[in-house]
Amino acid sequence: MNADRAVEIAQAGLTEAADPDKAGPMAAYLKTDMAFYGVQKAGRTPVVRELKRSCPPDDRSDYEAVVQALWSLPHREEKYLAIGYARSFDAYVDATSIPLFASLIVEGAWWDLVDEVAIKLVGRALAKERAIVTPIVTPWIVSPDLWLRRTSIICQIGHKEATDIVLLDGACAGNLPDGDFFIRKAIGWALRDYARTAPEWVRAWCTKHADEMSGLSYREATKHLA
């Protein structure tokens, strides 16, 4: 099975590249007790490449099985490989895979895992199938799960002129009362990114909501506005 083969490749590749001296500092930086091999991005890239070459999915079920098999392994880097594998097969980065991606977000529950899923997987699916994905993502604006809320805010980063401003406005405005750092940072990040495309829109938005925005959100959003 592809899932079994993928696990073998992932564990062998990460074991070979492991640097125990880096494992502790990587865990400390991310404030997690999860185990690390001590393999940074440059060392993981060849493993993702080998997974793509050796374990192309036979179908959607196989794709999901490989992602979940890698994700379920105990080390942080194996979760990064799961996301990397998921990104490697664009045909499956679509509306049908949103439940899979949402599960990674909820289970990942930290920025290093969530943000890539939010932008590169959910965001990619949204860009491809807006009419289908927007009604799925919109309820996340008020989800009890913080990381789904963060995803609703940042999932359009990089969409430029294709950005759905109704969704962006709703996600940012709908989360202004939230005092959590990761929500406030997300609002500023999403607006700052869109300001590269529509600075006047973002400037007007920040003016309208200035009294509601946290200092962090406002500073981030207006960082590059004259």
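Okay, so when I say buried, I mean a residue with under 20% relative accessible area. By that cut-off, 54% of the 226 residues in this chain are buried. And keep in mind that we're looking at a predicted model.

Overall picture: the chain has 13 helices and zero strands. How does the radius of gyration fit with a compact globule? For 226 residues you'd want something near 17 Å, and the chain has 18 Å, so that agrees. The C-alpha atoms fill a box of roughly 55 × 40 × 30 Å along the principal axes. Of the contacts between residues at least 6 apart in sequence, 70% join residues at least 24 apart.

Now, the inside. In soluble globular proteins, nonpolar side chains tend to be buried together. Here the largest nonpolar core has 80 residues, and the ones touching the most other members are Tyr-63, Leu-70, Tyr-85, Phe-101, Ile-153 and Leu-191. Helix α7, residues 111-128, gives the most to this core, with nine residues. Take Tyr-63: leaving out residues up to four places away in sequence, its contacts include Tyr-85, Phe-89, Tyr-92 and Phe-101.

What about empty space? There's one cavity of 30 Å³ or more, and the largest cavity holds about 40 Å³. Ile-153, from that list of core residues, shows up again in the cavity lining, along with Gln-156, Ile-157, Thr-163, Leu-168, Ala-190, Asp-193 and Tyr-194. That lining divides into five nonpolar residues, two polar and one charged. Helix α11, residues 181-195, gives the most to the lining, with three residues.

Definitions and conventions. Residues numbered from 1 in each chain as written. Heavy atoms only, no water. 1 Å grid on protein atoms, 1.4 Å probe; cavity = no way out; pocket = protein on both sides within 12 Å on 5 of 7 lines; lining within 4 Å. Points joined across faces, edges and corners; volume = space filled by probe spheres on them. Helix = DSSP H or I, 4+ residues; strand = E, 2+ residues; numbered from the N terminus. Nonpolar A, V, L, I, M, F, W, Y, C, P; charged D, E, K, R; others polar. Core = buried A, V, L, I, M, F, W, Y, C linked by side-chain atoms within 4.5 Å. Buried < 20%, exposed > 50% of the residue type's maximum accessible area, 1.4 Å probe, protein only. Contact = heavy atoms within 4.5 Å. Rg over C-alpha atoms; globule rule 2.2 N^0.38 Å.
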